Amino acid sequence: MILRLHVICLAFCTIRQRISQMSAFNESSIQGDYSKDDEYRVVLCICLSKRKIGAACFDAEQGTISYLNDIDEDMTEFTILSNVLCQIQPTTLLLSSSVGESVLRKVAELQEFQQSYMDGGSPNPYTVKLPAREFELSLCKEVVINLFAPSTAGETVLDGQTRCLFAVDFDATCMIRALGVIIRHCNINGISSGDASEMKNRASHTLAYRIAPLELYDILSMDACTFEALQIFKSEHHPSVYKAGRGGTKEGFSLFAICNRCMSKAGAFYLRRMFRQPIRNAGILRDRLDAIQFLADERNVHLVNILQKALRHVRTIGGIFDRLRVSTMLTGDWARLHTVPDHFVEEIRKLCRRISTVIDLASFRHQSHVRVRAGVDEELDEKKNLYERLPELLTKVAEEEVNRLPFETPECTVVYAPMIGYLVAVPRRPEWLTVSDYEQPGMQFLFVSNDRVHYKTASVERLDLELGDLRMDIADRELSIMLTLQNDILENAASALHLVNQAIIIDSLVALAVTARELNWVRPELHDGRLLDVAGGRHPLVEFRSSPFVNNPIQSGNAELGLVHIITAPNASGKSVYVKQAGIIVFLAHIGSFVPAVSAKIPMTDRILSRLHSIDSVFSGMSTFACDLKQMAVAVNSATCRSLVLIDEFGKGTSSEVGLSLLTSCLQYWLRNGDQCPHVFVSTHIHALLDMLPRSPYVKFKTMKVMRRESELIYLYSIVEGYGLQSYAAYAARKSGLPEEVINRIHKVYQDQRQQKPLTRPGVSIEQMNLEYKESESLVKLFLDFELLEDTVPALIDFIRNKLLVFRSPHIMTTAL
């Protein structure tokens, strides 16, 4: 009992200490040497949900709002959170009250680091924890839409909503929450880019004059459309009816799927995060490439096989340690902690040996609680042995008590009641009616329960002294031993967790090395220049499905090689594959992977922007062409000289003239920057574009080789400089299985348009169509001049019917007449 009270007091003191630490954190964060203007000079709001992070920042001096679209976050190391805080260095930090303690600890660590090493004596940010309801998605969406409300008399509400849809990605829910909160908070507190007193006197106020995406220094930016278009990931319905019915999905044929050779789920999860977060940190990329080069070497195949066997049982243990710190370990956690692979270092081996020495792991199969192994504690073993013999001992005491009872009874038992002790229980006699009847010499009457009378005697009092609450004593002793084990494990938790995390990283790097060795990928050379030079580049997904694959070079970066590459070629000749191939190779280099090529020089890239994949959804409120325009708007507004822009068939969602104008204008906008133009790869069938672009050394025209042998086309899938002025759509249509009648009609319409001849219906001459037109014109004139009366309508119908019968054209006859 004393031990249990000690444990309760210890837990209470721990909880009180943590509360005081959190209070101290809030007080130290909120109280600082700030004036009102200093507090809100740079306001940053961060939202974390479902392993994703989104952020928004308001800079009062520049009058801008920056937003960070949702990015996958490591909920143990908080890599993105650290980058955002170190890069922005806010004066005010807005967080939700529902954030976990681990987030607050990380924020406090970063603030302490900045205080000590970066800015010297600069004060910590003014941290504000807002109620979780302030981050409600519907409320924040409404606030963001109101930010783009009509500002002039000529604009409508619809204009503002359309502008909002083009400016912000509403699928990034964490970012929308952060953006909505920061707008509401700044408006409530009277913050603006202008004079605060002026704002208070105005009924309406524009918070900022510019809104732009936030670029993190070490992150390569890619939106969800680009991930989907390049097929980095691809979700498919699970083939299991049970899992598919519950909304279960599995990874389909994608770049991640062919690279995922991980031996553990933890390794696959970390590899997926690497694919979700391409980076620009040259040091990290170089370390990954060095490791992959070592593991992919043919001389180290045996070592890789040994590592894969050892990595098969790797799993994350951060959650187990978190539960261990707050003494909420599950029964299975001990078994999972014990099965952490101990092949790597002595610390893990000692941890597993310590657990197996103390805990009886075999008891998990039969009992729902943790038991201490025999031989660990002599006192505990004695109590357990005594507890196992307890029924026999109590039976013997009951037999002795029967002989000492002052009355005859058919039955006597010795029982145990918590907080009371051992008792003698006998059946109640019929003549015992009052309390005085229960009083017996040498026995202390206590109570009656279930028609049995319970007494205290000298024998059971001796049992109380000798045995006590044996079961609770065993539990208390086991708890004491488990607390000692818990403290021993937590002392080495940091090193064990670090080693397991390193094993997970090794698992992901081994997967990339095995992929590189089996698929014949090479190490890319990353540099800070502009030159993109890939020799023998291949599309890994197309190569996986079709063999042999024709590789092609990718060259860009100067006046000799060009920066804007216009690819015109026949349908199904490989234009889109080539454009996507360039994006995938650059992407793989920025996750630290080898690339499918003979050799590759890759410049450090800040963004991969695309208009490759059309997305249409009734929930977005935008048409397919509007979605295409939004993707192009993001590319035009965000591309820098270090960006890669991929465009495939832009402008096909509208008329040819409008599509040509839009595409030409976007390309001319980039070309005006000269050598600061981004790398742009465009595939198109708008051949008039060739004459619309300015003559510039940075524009290169390319096409895919095609050989024509009589009526057959032979695709060589090899890119060369030049123009492709024919699409051969009819040939592609025939190969797709369209009827020959339709193919012939395609040729006829195409030839008539090229010769500027009027289009005719099949089987009808031009003279016949001209005659039909004149007769139809006369019928329309007759109808317009006719006075419609009830008695004249039948005559009009008969007249029109007779006129139509002259042509005997079924397509003109109508059943209504």
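## Strand pairing, salt bridges and aromatic contacts in a predicted model

In this predicted model, Arg-611 has Ile-647 of strand 19 as its bridge partner. The contact belongs to a pairing in which strand 18 and strand 19, the latter covering residues 643-648, run parallel and are joined by 5 bridges. Helix 26, made of residues 624-638, lies across strand 18 and strand 19 and runs at about 150° to strand 18. Helix 27 (residues 656-671) packs on the sheet as well, where it touches strand 16 (564-567), strand 19, strand 20 (679-683) and strand 21 (699-709), and its direction makes about 160° with that of strand 20.

The sheet itself is open and has 6 strands in the order 18-19-20-16-21-22, with mixed pairing. Its edges are formed by strand 18 (607-611) and strand 22 (712-721), each of which pairs on one side only. When direction is ignored, neighbouring strands of this sheet are turned against each other by 15° on average.

A record can be set beside this region: UniProt, in an unreviewed entry, places the feature "domain: DNA mismatch repair proteins mutS family" at residues 643-659. In the model, the chain over residues 643-659 is 24% helix and 35% strand, and the C-alpha atoms at its two ends are 23 Å apart.

Within strand 21 sits Met-704, a residue that counts as buried because its relative accessibility is 4%. Leaving aside neighbours within four places in sequence, Met-704 is in contact with ten residues named here in full: Asn-552, Thr-568, Ala-569, Pro-570, Ser-573, Gly-574, Lys-575, Tyr-717, Ser-718 and Ile-719. Between Met-704 and Val-720 the C-alpha to C-alpha distance is 6.2 Å, although the two are 16 residues apart in sequence.

### Salt bridges

The model contains 22 salt bridges. One of them joins Arg-272 to Glu-251, with the closest N and O atoms 2.8 Å apart; Arg-272 lies in helix 12 (residues 265-276) and Glu-251 in strand 8 (residues 249-251), so this pair ties together parts of the chain that are 21 residues apart in sequence. Three of the pairs are set out below with their N to O distances.

| Basic residue | Acidic residue | N to O distance |
|---|---|---|
| Arg-272 | Glu-251 | 2.8 Å |
| Arg-429 | Glu-431 | 2.7 Å |
| Arg-607 | Asp-606 | 3.7 Å |

How the partners are placed with respect to the surface can be read from their relative accessibility. Arg-272, at 25%, counts as partly exposed, and Glu-251 is likewise partly exposed at 22%. In the second pair, Arg-429 is partly exposed at 26%, while Glu-431 is partly exposed with a relative accessible area of 43%. In the third pair, Arg-607 counts as buried at 7%, and Asp-606 counts as buried at 4%. Both residues of this third pair also take part in a network of salt bridges that links Glu-215, Arg-280, Asp-606 and Arg-607.

### Aromatic pairs

A pair of aromatic rings is described by the distance of the centres and the angle of the planes. The count of aromatic pairs in the model comes to 15. In one of them, the rings of Phe-253 and Phe-544 have centres 5.8 Å apart and planes at 45°, so the pair is tilted. This pair links distant parts of the chain, since Phe-253 lies in the loop between strand 8 and helix 11 (255-259) and Phe-544 in helix 24 (residues 540-545), 291 residues apart. Phe-253 counts as buried at 18% relative accessibility, whereas Phe-544 is partly exposed with a relative accessible area of 46%.

In another pair, the rings of Tyr-578 and Phe-681 have their centres 6.4 Å apart and their planes at 65°, and because an angle over 60 degrees counts as edge-to-face, the pair is described in that way. Here too distant parts of the chain are linked, with Tyr-578 in helix 25 (residues 575-589) and Phe-681 in strand 20, 103 residues apart. Tyr-578 counts as buried at 1% relative accessibility, and Phe-681 counts as buried at 0%. Elsewhere, Phe-227, Phe-233, Phe-256, Phe-275 and Phe-587 form one aromatic cluster.

Definitions and conventions. Residues numbered from 1 in each chain as written. Predicted model: local features only at pLDDT ≥ 70, side-chain atom pairs only at ≥ 80, totals over all residues. Heavy atoms only, no water. Pairing = 2+ DSSP bridges. Helix = DSSP H or I, 4+ residues; strand = E, 2+ residues; numbered from the N terminus. Axes fitted to C-alpha atoms, helices over the stretch in contact; angles between N-to-C directions. Contact = heavy atoms within 4.5 Å. Salt bridge = Lys/Arg side-chain N within 4 Å of Asp/Glu carboxyl O. Buried < 20%, exposed > 50% of the residue type's maximum accessible area, 1.4 Å probe, protein only. UniProt positions renumbered as here; feature names shortened; annotations may be inferred. Phe/Tyr/Trp six-rings, centres within 6.5 Å; stacked < 30°, edge-to-face > 60°.
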